[in-house]
Amino acid sequence: MEKETVSKNFIEQMIDKDLAEGKCETVCTRFPPEPNGYLHIGHAKSILLNYGLAKEYGGKFNLRFDDTNPTKEKSEFVESIIEDVKWLGADWEDRLYFASDYFEQMYEAAVFLIKKGKAFVCDLSPEEIREYRGTLKEPGKESPYRNRSVEENLQLFDNMKNGMYADGEKVLRAKIDMSSPNMNMRDPVIYRVARIHHHNTGDKWCIYPMYDFAHPIEDAIEGVTHSICTLEFEDHRPLYDWVVRELEYVHPPKQIEFAKMYLTNVVTGKRYIKKLVEDGIVDGWDDPRLVSIAALRRRGFTPESIQKFVDLCGCSKSNSSVDYAMLEYCIREDLKMKRPRLMAILDPVKLIIDNYPEGEMEELEIENNLENPELGVRKVPFGRELYIEREDFMENPPKKYFRLFPGNEVRLMGAYFVKCTGVDKDEEGNITAIHATYDPETKCGSGFTGRKVKGTIHWVAAATAVLAQVRLYENIIDEEKGVYNEDGSLNLNPNSLRVMENCCLEPALGKAQPGESFQFVRQGFFCVDSKDSTPEALVFNRIVSLKSSFKLPKPGC
């Protein structure tokens with residue numbers, strides 16, 4: 001029997017080569033978020049890619065916070081990121097790190113570069129540094145402070161650390177090449193003065209390393225072998241390599257870039273989400289209309305559905321966009337065999353079965369999931385008065401309308417045939433109740449074959465109905481107009497949230513726990529809201545509808 005050929009992505013091929021050539025003996029990857037906001041679906045790809053590679057090669061995966069810019073960082077974001085990564089199933093074991101844990105080592109590394117003549121203290125202002133840097137077509141000019149002696153630079157850098165200069169008054173720059181075609185190599189700033197309180201180190205430091213200097217040091221200290229990042233860091237790789245080379249690490253990490261994952265018609269920009277939160281358009285970074293990981297979790301997405309989505313997107317060097325419908329496809333595929341299918345009436349109207357014994361209730365046995373018998377059956381109460389969906393009745397129906405209308409007979413799901421005999425209306429002509437008769441011989445499961453009906457509708461017994469609020473979500477962006485207006489503002493969909501009050505649910509849903517998900521017959525997949533729902537006032541979020549126009553591409557397409 002021939003072995004199945006396993007196709008590997010370009011990162012796996014590079015790792016295989018490094019292992020074969022003895023450049024590393026094991027594999028260590030990391031996810032290095034900056035704690036300046038909540039993670040979104042794009043970060044999920046990076047988390048699962050890095051963790052998946054470590055797992056595939058029997059290596060280690062680290063979670064490390066790149067907290068070198070305290071102006072934007074908060075403990076709230078640290079906590080949310082930890083929860084997100086854990087929820088996705090990426091296990092960092094006992095390797096939870098912070099860049100700030102290494103500030104002392106980074107300072108010593110900067111001193112080492114000064115002693116090597118590879119770094120200098122510069123007095124140019126930020127504006128002057130930009131002016132001296134040159135352009136893509138013209139080389140930069142060397143700073144007049146570039147050739148200070150090692151001794152002077154050591155003293156000035158020590159003074160920076162000891163708080164003797166104002167913010168922005170002096171910086172430490174790497175001494176590389178002001179004529180390099182790569183702008184990142186034109187004597188980049190690697191330390192700046194900044195009197196900012198840090199969420200982890202407090203007020204211990206008044207100088208902070210720049211990301212491009214700190215990141216390779218963190219990777220090297222932790223023994224990261226392959227530093228996987230997105231394509232915008234490709235031009236930064238020469239600087240990454242310069243830092244680890246000049247600091248003379250014995251086992252330098254290797255940076256590898258992959259393409260980001262872009263979703264169509266979604267909002268991921270932190271400043272846009274921040275404004276949506278501040279303006280009260282959404283109720284937080286975890287509002288189910290967003291695609292932050294916290295929002296997807298609250299809406300009812302599963303880690304397995306996101307893993308499937310990431311796998312379908314693949315890993316490449318070319319940027320591309322993915323239709324949001326593919327993410328919805330993945331959650332449908334994940335839930336359809338796992339979750340019970342229960343009855344919920346979102347827009348109820350009463351159905352009175354006039355010939356059913358008054359005051360009598362019976363329990364009907366209904367399968368939890370017709371496609372998965374292993375989920376078993378449940379008992380559902382049935383009585384004389386029921387609730388059905390208002391849209392399942394029409395007084396004057398069009399052709400090929402097979403639900404309930406005067407004189408028509410339908411099956412109540414899992415129960416009996418009923419025939420509409422009339423309606424009650426209020427003074428304004430609105431229907432307040434529908435009357436029907438039932439045929440006791442047609443009980444579901446009785447083997448009745450006397451006649452057939454074309455329509456089946458779901459229902460909930462009025463006497464035992466559980467009341468709940470149900471939230472129906474659409475894209476927060478108006479998809480027909482695109483994400484942004486000409487002025488840069490968001491094109492918001494005014495119908496992105498529809499709240500349905502006093503929905504009637506079957507009793508089995510009354511004890512549903514926050515985060516627990518179900519399929520509501522004909523309505524879609526729903527979960528109990530983890531933020532607003534209480535046992536006394538249940539709130540359900542629609543995860544996704546049942547219908548989709550998305551079709552999985554055929555292999556090779």
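# Briefing on aromatic pairs, salt bridges and local features

The structure holds 23 aromatic pairs. In one of them, the rings of Tyr51 and Phe61 have centres 5.5 Å apart and planes at 75°, so this pair is edge-to-face. The model is predicted. Salt bridges in the structure number 53, and the points below take up examples of both kinds of contact, followed by a charged surface patch, two backbone angles and two pairs of residues that are separated in sequence.

**Aromatic pairs and a cluster**

- Tyr51 belongs to helix α2 (residues 41–56) while Phe61 belongs to strand β2 (residues 60–65), so their pairing ties together parts that are ten residues apart in sequence.
- Both partners of this pair are buried, since the relative accessible area is 18% for Tyr51 and 1% for Phe61, where buried means under 20%.
- Tyr401 and Phe405 also form an aromatic pair, but here the arrangement is tilted, with 6.4 Å from centre to centre and 50° between the planes.
- In this second pair, Tyr401 counts as buried at 12% relative accessibility, whereas Phe405, with a relative accessible area of 21%, is partly exposed.
- A single aromatic cluster is formed by Phe103, Tyr107, Phe157, Tyr191, Trp205, Tyr208 and Phe213.

**Salt bridges**

- Side chains of opposite charge can pair when their charged atoms come close.
- Asp94 and Arg95 form a salt bridge in which the closest N and O atoms are 3.8 Å apart; Asp94 is exposed, with a relative accessible area of 65%, while Arg95 counts as buried at 9% relative accessibility.
- Glu142 forms a salt bridge with Arg146, and the closest N and O atoms of this pair are 3.5 Å apart; Glu142 counts as partly exposed at 45% relative accessibility, and Arg146 counts as buried at 8%.
- Between Asp334 and Lys338 the side chains meet in a salt bridge with an N to O distance of 2.7 Å; in this case the acidic partner, Asp334, is buried, with a relative accessible area of 12%, and Lys338 is partly exposed, with a relative accessible area of 38%.
- A network of salt bridges links Asp283, Asp286, Arg298, Arg471, Asp529, Lys531 and Asp532.

**A negative surface patch**

- Asp323, Glu474, Glu479 and Glu480 form a negative surface patch.
- One of these residues, Glu474, has its place in the loop between β23 (466–473) and β24 (497–505).
- Glu474 is partly exposed, with a relative accessible area of 41%, so Glu474 satisfies the requirement that patch residues have over 30% relative accessible area.

**Positive phi angles outside glycine**

- Asp187 has a positive phi of about 45° although this residue is not a glycine, and the place of Asp187 is in the loop between β5 (171–174) and β6 (189–193).
- At 1% relative accessibility, Asp187 counts as buried.
- Glu248, likewise a residue other than glycine, has a positive phi, with a value near 60°; Glu248 is found in the loop between α8 (237–246) and β9 (254–258).

**Residue pairs separated in sequence**

- Ala109 is found in helix α4 (residues 103–115) and is buried, with a relative accessible area of 8%.
- Along the chain, Ala109 and Val243 are 134 residues apart, while their C-alpha atoms are separated by 9.5 Å.
- Pro535 has its place in the loop between β26 (524–528) and β27 (538–544) and is exposed, with a relative accessible area of 70%.
- Pro535 and Pro514 are 21 residues apart in sequence, and the separation in space is 9.3 Å from C-alpha to C-alpha.

Key. Residues numbered from 1 in each chain as written. Predicted model: local features only at pLDDT ≥ 70, side-chain atom pairs only at ≥ 80, totals over all residues. Heavy atoms only, no water. Patch = residues over 30% accessible without salt bridge, like charges linked within 9 Å, V, L, I, M, F, W, Y side chains within 5 Å. Areas by Shrake-Rupley, 256 points an atom, 1.4 Å probe, with all protein chains shown as cover. Salt bridge = Lys/Arg side-chain N within 4 Å of Asp/Glu carboxyl O. Lys, Arg positive; Asp, Glu negative; His and termini not counted. Charge placed at Lys NZ, Arg CZ, Asp CG, Glu CD. Helix = DSSP H or I, 4+ residues; strand = E, 2+ residues; numbered from the N terminus. Buried < 20%, exposed > 50% of the residue type's maximum accessible area, 1.4 Å probe, protein only. Phe/Tyr/Trp six-rings, centres within 6.5 Å; stacked < 30°, edge-to-face > 60°.
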